[in-house]
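Please look at the sequence and the three-dimensional structure shown below. The paragraphs that follow lead from charged pairs to a single residue and then to the spaces inside the protein.

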Amino acid sequence: MAKKNIFTDAFGNLYFLKRLIIFALGMVSYRRFNGFNKLKITGTENLVDLPDSNVLFVSNHQTYFADVAAMYHAFCAVNNGYLNSIKNPIYLLNPKVDFYYVAAEETMNKGFMPKIFKLAGAVTVKRTWRAEGENVNRMVDLTEVENIMKALDNGWVITFPQGTTSAFAQGRKGTAKLVKNQRPIVIPIKINGFRRAFDKKGLRVKVTGVKPTMEFKKPIDIDYDKDDSHTIMHKIMVAIEQTEEFNILHDYDKELKAQKTETEH
């Protein structure tokens with residue numbers, strides 16, 4: 001597989017260009033997370049001693065771009081010794097450039113800003129179950145899987161195992177298979193409040209005064225030899241708190257239905 005060098009990343013993107021893009025996007029988005037809304041970050045001490053490669057971050061997903069932008073701020077801050085804080089944007093002058101994120105191809109090809117985000121480190125994939133608002137059923141593109149593995153071999157990768165911004169959607173088995181085969185350190189991230197603060201794309205501030213949260217948890221305990229893909233996926237979904245036991249509204253709806261049934265009888 002391809003390797004990075006002092007001038008380019010694993011995909012041939014020039015580091016100086018990535019640094020420039022990350023700095024520009026970071027400055028533009030800074031007030032969204034430390035001005036209009038106050039992002040609370042916890043758990044970045046779990047990132048300090050991680051290796052430079054083969055680290056996979058798994059997260060729930062609430063907007064297309066604000067989630068990732070906030071993670072860039074957090075990673076760049078940690079890269080410069082700032083833990084659980086993005087108050088000093090000087091960290092953008094020395095960004096973490098060997099960081100990639102998995103994104104839907106159709107999302108990254110629409111509009112100018114998504115294309116800029118793509119240059120910052122997107123590894124694009126075609127959804128196998130959904131395209132252009134329609135349900136589809138297509139085979140996994142092995143080239144895309146190889147690209148994710150290449151990114152892991154050369155840096156940190158963030159993926160959203162649900163593949164959608166819908167809360168409590170099922171996890172996609174491809175993430176578990178990747179973990180089983182590549183054996184990365186898996187760090188779960190739990191985010192909240194982004195859906196309320198930003199529009200679905202994450203490019204526009206919808207409400208001010210919100211305090212979104214981003215929690216970096218300890219690595220998931222995975223037995224790569226004994227755990228099958230189903231077990232790995234379950235551990236991931238529990239870690240990012242996207243299983244039904246975390247769905248308070250789901251429990252509330254069930255209680256309302258039960259009360260209604262009792263009343264009717």
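With which residue does D98 form a salt bridge? The model is a predicted one, and in it the partner of D98 is K4, with the closest N and O atoms 3.1 Å apart. To see what this pair joins, find each partner along the chain. D98 belongs to the loop between α2 (66-79) and β3 (99-104), while K4 belongs to the segment before α1 (15-34), so the salt bridge ties together parts that are 94 residues apart in sequence. The two partners can also be described by their accessibility. D98 has a relative accessibility of 13% and counts as buried, because buried means under 20%. K4, at 34% relative accessibility, counts as partly exposed, because that class lies between the 20% limit and the limit of 50% above which a residue is exposed.

The pair just described belongs to a wider set, for the count of salt bridges comes to 6. Another of them joins E144 and K126, whose closest N and O atoms are 2.8 Å apart. This pair, too, links distant parts of the chain: E144 sits in helix α5 (residues 142-154), K126 sits in the loop between β4 (122-125) and β5 (130-131), and 18 residues separate them. Is E144 buried or exposed? With a relative accessible area of 8%, E144 is buried, whereas K126 has a value of 32% and is partly exposed. A further salt bridge is formed by K18 and D9, with 3.1 Å between the closest N and O atoms. Here K18 is buried, and D9 is buried as well.

Attention may now turn to a single acidic residue, D227. Where along the chain is D227 placed? D227 is found in the loop between β9 (213-216) and α8 (229-239). Its relative accessibility is 11%, so D227 counts as buried, since the limit for that class is 20%. When residues up to four places away in sequence are left aside, D227 touches K180, D221, I222, I232 and K235.

The remaining topic is the space enclosed or bordered by the protein. How many cavities of 30 Å³ or more does the count give? The count comes to 1 cavity of that size. The largest cavity holds about 90 Å³ of space. Its lining is made up of I22, L25, G26, S29, A69, Y72, H73, F117 and A120. Both α1 and α2 supply at least two residues of this lining, and α1 gives the most, with 4 residues. By residue type, the lining of the largest cavity divides into 6 nonpolar and 3 polar residues, with no charged ones.

A pocket, unlike a cavity, is an open set of points. The second largest pocket has a volume of about 310 Å³. Its lining consists of 18 residues, and those nearest the centre are A167, F168, N192, Q242 and F246. Two elements, β8 (185-192) and α9 (248-264), give two or more residues to this lining. The largest share comes from β8, with 3 residues. Which types of residue make up the lining of the second largest pocket? The residues divide into 6 nonpolar, 9 polar and 3 charged.

Methods
Residues numbered from 1 in each chain as written. Predicted model: local features only at pLDDT ≥ 70, side-chain atom pairs only at ≥ 80, totals over all residues. Heavy atoms only, no water. Salt bridge = Lys/Arg side-chain N within 4 Å of Asp/Glu carboxyl O. Buried < 20%, exposed > 50% of the residue type's maximum accessible area, 1.4 Å probe, protein only. Contact = heavy atoms within 4.5 Å. 1 Å grid on protein atoms, 1.4 Å probe; cavity = no way out; pocket = protein on both sides within 12 Å on 5 of 7 lines; lining within 4 Å. Points joined across faces, edges and corners; volume = space filled by probe spheres on them. Nonpolar A, V, L, I, M, F, W, Y, C, P; charged D, E, K, R; others polar.
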